[in-house]
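Student: Could we go through this protein together, one question at a time? I'd like to see how each answer is reached.

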Amino acid sequence: MTIQTLAELEGLKRAGALVARILTTMREQALAGTTPRALDAIGADMLRDAGAQSAPVLTYGFPAATCISVNRVVAHGIPNATPLQEGDLVNIDVSAELDGFFADTGASFVVGTASAAQQRLLDATREARDAAIAQLRAGELLSSIGRTIETVAARRGFRIIRNLQSHGVGRALHESPGSIPGYFDPRDTRRLHDGMVITVEPFLATHATRTEDLDDGWSLICPKGFGAQFEHTVVVTHGAPIIVT
């Protein structure tokens with residue numbers, strides 16, 4: 001999507017504020033003993049109360065309102081009835097459609113107190129997201145996102161999960177400009193433009209560079225080690241980008 005009017009920007013901001021609020025609420029309730037299924041019910045209730053729809057349900061028929069991934073599952077996890085435990089590494093991804101606008105956000109965290117190794121992974125992934133967003137400017141190469149993420153990952157000693165990428169969003173969950181690699185691709189000559197709506201969502205990992213599929217048809221796991229993700233929906237401008245989530 002390319003934002004062309006103030007009304008469109010305000011509509012996208014409302015969708016972004018909603019998914020951000022749902023993510024925060026679910027994160028606050030993610031305590032030891034709580035099940036991912038119970039957390040998902042919270043998200044589903046908040047979507048319904050706001051008159052919104054779950055984007056993965058609407059777009060792909062996903063079997064839950066939100067994606068909740070635990071430990072080796074790094075993305076697209078189906079919320080289940082297994083209680084969370086202290087030390088579990090969890091990712092919650094919330095995306096929704098509200099009044100025709102789609103926004104997408106996500107975050108990884110540890111239930112209880114993170115180990116030093118877990119905290120390093122979380123800090124590096126969040127830093128990669130924030131650094132990639134900070135340098136976004138209309139006219140620059142789209143590949144600047146992957147270059148920045150790659151630089152942070154290398155400096156921090158982590159790998160990039162290459163088959164999980166950022167993407168266009170706004171009027172659909174996934175749209176133009178398509179997938180945006182989290183690594184530098186010198187062949188990618190696409191450019192950012194004013195009003196472009198995209199996600200920035202690096203996936204960093206301790207050992208893996210690609211995920212594997214679980215038998216449930218949705219969940220993606222790290223074949224070795226662990227991964228983390230942080231995501232915002234942003235609008236590109238000639239100045240500082242607008243973070244709507």
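Student: Is N71 buried, partly exposed or exposed?

Tutor: Keep in mind that we are looking at a predicted model. N71 sits in the loop between β2 and β3 (73–75). Its relative accessible area is 24%. Buried needs a value under 20% and exposed one over 50%, so N71 is partly exposed.

Student: What is the phi of N71?

Tutor: Good one to ask! Most residues other than glycine have a negative phi. N71 is not a glycine, yet its phi is positive, at about 55°.

Student: Which loop residue with a phi near 55° lies between β4 and β5?

Tutor: Look at the loop between β4 (89–98) and β5 (101–110). The residue there has a positive phi although it is not a glycine. At 57% relative accessibility it counts as exposed, because the cut-off is over 50%. The residue is D99.

Student: What is the omega of the peptide bond from S176 to P177?

Tutor: Let's find the place: P177 belongs to strand β8 (residues 175–180). Most peptide bonds are trans. The bond from S176 to P177 is cis, with omega near 15°.

Student: Is T66 buried or exposed?

Tutor: T66 is in the loop between α3 (55–60) and β2 (67–70). Setting aside residues up to four places away in sequence, T66 touches M26, D40, G77, P79, D93 and V94. Its relative accessibility is 1%, so T66 counts as buried.

Student: Which residues does M46 contact, apart from its neighbours within four places in sequence?

Tutor: Start from helix α2 (residues 36–50), where M46 is found. H207 is 161 residues away along the chain, and the C-alpha atoms of M46 and H207 are separated by 36 Å. The contacts of M46, leaving out those neighbours, are L18, R21, I22 and T25.

Student: How many salt bridges does the structure hold?

Tutor: One of them joins the side chains of R129 and D130. There is also a network of salt bridges that links E127, R155 and R156. The number for the structure is seven.

Student: What is the N to O distance in the salt bridge of R48 and D45?

Tutor: Both residues lie in helix α2, three residues apart, which is about one turn of the helix. R48 counts as exposed at 54% relative accessibility, and D45 as partly exposed at 35%. Their side chains meet with an N to O distance of 2.9 Å.

Student: In the salt bridge of R129 and D130, what is the relative accessibility of R129?

Tutor: The side chains meet at 2.9 Å, N to O. D130 is partly exposed, with a relative accessible area of 35%. R129 counts as buried, because its relative accessibility is 9%.

Student: And which residue meets R187 in a salt bridge?

Tutor: R187 is exposed, with a relative accessible area of 72%. Its partner counts as buried, at 13% relative accessibility. The two side chains meet at 3.1 Å, N to O, and the partner is D185.

Student: Which residues gather in a patch of negative charge on the surface?

Tutor: Let's begin with D215, in the loop between β11 (212–213) and β12 (220–221). D215 counts as exposed because its relative accessibility is 84%. The patch is made up of E212, D213, D215 and D216.

How values were computed: Residues numbered from 1 in each chain as written. Predicted model: local features only at pLDDT ≥ 70, side-chain atom pairs only at ≥ 80, totals over all residues. Heavy atoms only, no water. Patch = residues over 30% accessible without salt bridge, like charges linked within 9 Å, V, L, I, M, F, W, Y side chains within 5 Å. Areas by Shrake-Rupley, 256 points an atom, 1.4 Å probe, with all protein chains shown as cover. Salt bridge = Lys/Arg side-chain N within 4 Å of Asp/Glu carboxyl O. Lys, Arg positive; Asp, Glu negative; His and termini not counted. Charge placed at Lys NZ, Arg CZ, Asp CG, Glu CD. Helix = DSSP H or I, 4+ residues; strand = E, 2+ residues; numbered from the N terminus. Buried < 20%, exposed > 50% of the residue type's maximum accessible area, 1.4 Å probe, protein only. Contact = heavy atoms within 4.5 Å.
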